[in-house]
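Got your viewer open? Let's take a short walk through this protein, one selection at a time.

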Amino acid sequence: MDIADLQQRLRAFAQARDWQPYLTPKNLAMAMVVEAAELVEIFQWKTAEESQALDEATRSHLGEEIADVLLYLLQIADRSGVDVAQAVERKLLLNAQKYPTAP
């Protein structure tokens, strides 16, 4: 997955529809939370076992919601000047320091 390419495609998509004024980090974060809630709704009332054995239609729906959340995250990063790859690498390093492996 080429993050920079995806961000460019998202910018072009928004520009073609004159959506740029509305795509502020605040608005994008709010929209992402709505999409995350839709993702969570898929698992609502399922047991742990049921959540791991989704049928094909539900798995397809899950993929759409995951994509929505990811696309909003990429737009938030793009419009906020955050390098996603660099932020992920830094966070993985911080997590490794915070949660070292057992001896």
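Here are a few stops to click through, starting inside and ending in the loops. Keep in mind that the model is predicted.

**Stop 1: the core.** Select Ala-14, Leu-23, Leu-28, Met-32, Leu-39, Ile-42, Leu-54, Leu-62, Val-69 and Ile-76, and show their side chains: these 10 residues form the largest nonpolar core. Now colour α2 (25-43) and α4 (56-80), since each of these helices supplies at least two residues of the core. Which helix gives the most? That's α2, with 4 residues. As a bit of background, nonpolar side chains in soluble globular proteins tend to be buried together.

**Stop 2: Met-32.** Stay in the core and pick out Met-32, one of its members. What does Met-32 touch, if you skip its neighbours within four places in sequence? Add Val-69, Tyr-72, Leu-73 and Ile-76 to your selection, and you have its contacts.

**Stop 3: Asp-18.** Next, head for the loop between α1 (3-16) and α2, where you'll find Asp-18. Check its backbone: phi is near 55 degrees, a positive value in a residue that isn't glycine. Is Asp-18 buried or exposed? Its relative accessible area is 59%, and exposed means over 50%, so Asp-18 is exposed.

**Stop 4: Trp-45.** Last, move to the loop between α2 and α3 (48-51) and select Trp-45. Here phi is near 70 degrees, again a positive value in a residue other than glycine. Turn on the surface and look at Trp-45 once more: with 77% relative accessibility, this residue counts as exposed.

Notes:
Residues are numbered from 1 along each chain as its sequence is written. This is a predicted model: local features need pLDDT of at least 70, side-chain atom pairs count only at pLDDT 80 or more; totals for chains, interfaces and linings use all residues. Side-chain values use heavy atoms; hydrogens and water are left out. A nonpolar core is a set of buried Ala, Val, Leu, Ile, Met, Phe, Trp, Tyr and Cys residues joined through side-chain atoms within 4.5 Å. Buried means under 20% relative accessible area, exposed over 50%, partly exposed in between (1.4 Å probe, protein chains only). Contact means heavy atoms within 4.5 Å.
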